[in-house]
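Grab a pencil and work through these exercises with the model open beside you. Each task comes with a solution in steps.

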Amino acid sequence: MNLRFDPSGPLRGRVTVPADKSISHRAALIGAMASEPVRIRNYLDAADTNSTLAAVQQLGAIVEQRDGELVVRGCGLRNAIAAGEPIDVGNAGTLMRLLPGWLAFQQGSSFELTGDDSIRRRPVDRIAEPLSLMGARIEAREGRFPPFTVHGAPLTGIEYELPVASAQVKSCVLLAGLVTDATTVVEPVASRDHTERMLAAAGAPIARERDASGGGFRTTVGNTDELELGDVDVPGDPSSAAFLIAAGVLVRDSRLVLERVGVNWTRAGFLRILERMGAIVLADIEPAGTFDPREPVADIDVRNAPIEATTVEAEEVPLAIDELPLVALLGCFAEGDTVVRGAGELRIKESDRIATVVDGLRGLGAEIEALPDGFVVTGMGRLRGGRLHSHGDHRLALLGAVAGLASEEGVEVVGMDAAAVSYPRFADDLAGLIA
């Protein structure tokens, strides 16, 4: 589906953004591992998270819809059912990388995971390596791509240093560590911590401390008999909110309030970047370093204002990884050169987000160059507009929509239906905000 986004008048009003995709995935997965029913309020109804619901049901969990909430009746830590059919993760990279952590200790059972064309191009060797060190066996196409099979086995605890900060790889190893005496993950810099918080809320023995050698954490999980998660309230997704925040910053005379958005400090990197750029974005962000099982929420107040260029270095990347394409767009309107470095992880997302963002924005008139691990944007204070292809990537589709609002001629997004993965009602929410 192609959709055109014309230059917009001021955006005004209050809006509730979709539920957090990362937390929704984890709530369904850990709920399926739990021994007691888990009630999930405000679960994200989107393609990726629905793939997670289908997967846990295939493994033996029962999922019920009740009065605006989900009830997940899990099958327990060690009782996942090996169905005859492959588990189809669709386009959900989070599901593809987290689920094997649970499956790896289902002794004597094997599970095949597959997905769509995009997923089949995304490597799984980064989870296969630590799981293999723990005792599981992973067989993947060409040694590193889906479809792949997880063969459950008795696991041994390890201390694993992540070569690159990744919340998904960290989460996979920590889930596998639930049946070991102790498993520690060391990350070079901090990454989002929803899994750790949810495991703590479910009663798992988990501890986190600053690693002496760098800016990341050492997180250790120990043997767990059972998980009891209870109720989960999913906040608004800061990564989905980011698109409306960027629109509010760029479109003249805009004033928006985004209600009940998650402000976990490990997800607030984009807000800190905006602050450096001089944007007017007001929110009560959780203090850095906080480790609380409860996910913090706040309203975010956004106003249009001039912005300046900035540089995003490697240590900031994990806390703003999903929003970096928007930093490229903002750089088109900022004064000076906006630089992002240390973001090679973008090349293995739903698309190669360095190549697709650079090519897409250049096609709209931007002065932007790719780096091996990022990009450089020369701000011109404007963007012509044109046509942008989503390449099946939901964040690229939403980027094109925001670019159209702030452009001179508008933008036609080719493949706007990709947005259904995380923000299916974006166009409707937008229509309600245009003054």
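Angles under 35 degrees count as roughly parallel, over 145 as roughly antiparallel, 65 to 115 as roughly perpendicular, and the rest as oblique. The model is predicted, so local features need pLDDT of at least 70 and side-chain atom pairs pLDDT 80 or more, while totals for chains, interfaces and linings use all residues. Residues are numbered from 1 along each chain as its sequence is written, and side-chain values use heavy atoms, leaving out hydrogens and water.

**Exercise 1.** Work out how H5 and H6 are oriented to each other.

Step 1: find the helices, which are DSSP runs of H or I with at least four residues (strands are E runs of at least two), numbered from the N terminus. H6 covers residues 194-201, and H5 covers 167-176.

Step 2: get the geometry. The two pack at about 25 degrees with axes 9 Å apart; axes are lines fitted to C-alpha atoms, for helices over the stretch in contact, and angles run from 0 to 180 degrees between N-to-C directions.

Step 3: apply the cut-offs. H5 and H6 are therefore roughly parallel.

Step 4: look at who touches whom, where contact means heavy atoms within 4.5 Å. H5 brings Lys-170, Ser-171, Leu-174 and Leu-175, and H6 brings Thr-195, Glu-196 and Leu-199.

**Exercise 2.** Find which strands stand at the edges of the E10-E11-E13-E12 sheet.

Step 1: read the order. This open sheet has four strands with mixed pairing; two strands pair if DSSP finds at least two bridges between them.

Step 2: pick the ends. E10 (159-161) and E12 (206-210) each have a single partner strand, so one side of each lacks a neighbour in the sheet.

Step 3: check the middle. E11 (182-186) and E13 (217-222) run antiparallel, joined by five bridges, and Thr-183 has Val-221 in E13 as its bridge partner.

Step 4: add the helix. H5 packs on the sheet, touching E11 and E13, and its direction makes about 170 degrees with that of E11.

**Exercise 3.** Say which helix gives the most to the lining of the largest pocket.

Step 1: know the term. A pocket is an open set of points on a 1 Å grid over the protein atoms alone where a 1.4 Å probe fits, with protein on both sides within 12 Å along at least five of seven lines; lining residues have an atom within 4 Å of a point.

Step 2: list the lining. There are 37 residues, and Ser-166, Ala-167, Ile-321, Glu-345 and Lys-349 lie nearest the centre.

Step 3: compare helices. H1 gives the most, with four residues.
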